[in-house]
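Trainee: Please take a close look at one helix of this model and explain which of its residues are covered and what they touch. Then set that part in the context of the whole chain.

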Amino acid sequence: MLVHSASTQISSLLLLLLLLLLLQTSAKRLNRGNRTTSLGIATLMNIDVRDYSWREDANDFEFTTGFIAQALKEVYPKAARIGGPDPKLNPWQIAPTKLIPLIVKSTQDQQKEIEKLRSENEELRQRLERL
């Protein structure tokens, strides 16, 4: 019973740590210069999504889909962290949660475009019916 309890406590601590890493403070009263972002679908479309396998898995040819941190840094630097000279000790990393606002803004931009096109399509359909 003691092992199960310790295991449960460790699992709970790991879950709490994960949540703390994913949560970000974002309150209007704590920030300044609040404005609509100029980033959106154009930035998102420039992010290269790649399939790759890890060099350390020499016998495993299963591909992972993701981002290459160096390429991501060129397009959206907030989502990449530069590593050190030894990639095993201090590799380049990505912060996927930093992409969420960009994805949301891009989706909003696309939805506006879809609604505009639907409206234009309906207008053209009505004009065609009148002919």
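**A close look at helix α4**

Mentor: The buried residues of helix α4 are L102, K105 and S106. Buried here means under 20% relative accessible area, exposed means over 50%, and partly exposed covers what lies in between, with a 1.4 Å probe and protein chains only. Helices (H or I, at least four residues) and strands (E, at least two) are DSSP runs, numbered from the N terminus.

Before going further, some ground rules. This is a predicted model, in which local features need pLDDT of at least 70 and side-chain atom pairs count only at pLDDT 80 or more, while totals for chains, interfaces and linings use all residues. Residues are numbered from 1 along each chain as its sequence is written, and side-chain values use heavy atoms, with hydrogens and water left out.

Start with the helix as a whole. Helix α4 takes in residues 100-130, which is 31 residues. From its first C-alpha to its last it reaches 45 Å, close to the 45 Å expected at 1.5 Å a residue. The expected span is 1.5 Å times one less than the number of residues in the helix.

Now to what covers the buried residues. They pack against helix α2, residues 41-45. Contact means heavy atoms within 4.5 Å. S106, placed in helix α4, has 2% relative accessibility and therefore counts as buried. Apart from its neighbours within four places in sequence, S106 is in contact with G40, I41 and L44. The packing can also be viewed from the other helix. T43 lies in helix α2 and is buried, because its relative accessible area is 13%. If residues up to four places away in sequence are not counted, T43 touches V75, Y76 and L102. L102 has already appeared among the buried residues of helix α4.

K105 leads to the next topic, salt bridges. A salt bridge is a side-chain nitrogen of Lys or Arg within 4 Å of a carboxyl oxygen of Asp or Glu. The structure holds three of them. In one, the side chains of K105 and D109 meet at 2.7 Å, N to O. These two residues are both in helix α4 and four residues apart, about one turn of the helix. K105 is buried, at 15% relative accessibility, whereas D109 is partly exposed, at 22%.

Further along helix α4, E122 and R125 form another salt bridge, with 2.9 Å from N to O. Both lie in that helix, three residues apart, again about one turn. Each counts as partly exposed: E122 has 33% relative accessibility, and R125 has a relative accessible area of 41%.

One salt bridge remains to be described, between D48 and R50, where the closest N and O atoms are 3.6 Å apart. D48 is partly exposed at 39%, and R50 is partly exposed at 42%.

Aromatic rings can be treated in the same plain way. A pair of aromatic rings is described by the distance of the centres and the angle of the planes. Rings of Phe, Tyr and Trp (its six-membered ring) pair if their centres lie within 6.5 Å; planes under 30 degrees apart count as stacked, over 60 as edge-to-face and the rest as tilted. By this rule the count comes to one aromatic pair. The ring centres of Y52 and W54 are 5.4 Å apart and the planes stand at 90 degrees, so this pair is edge-to-face. Y52 is buried, with 18% relative accessible area, while W54 is partly exposed, at 49%.

Finally, the setting. The protein has four helices and four strands, and along the sequence they follow the pattern α-α-β-β-α-β-β-α. Of its 131 residues, 11% are buried. Among contacts with a separation of 6 or more, 38% join residues 24 or more positions apart.

As for confidence, pLDDT is the predictor's confidence in each residue, from 0 to 100. The average for the protein is 86, and 85% of the residues score at least 70. Among the elements, helix α1 (residues 2-22) has the lowest mean, 63, and helix α3 (residues 69-75) has the highest, 97.
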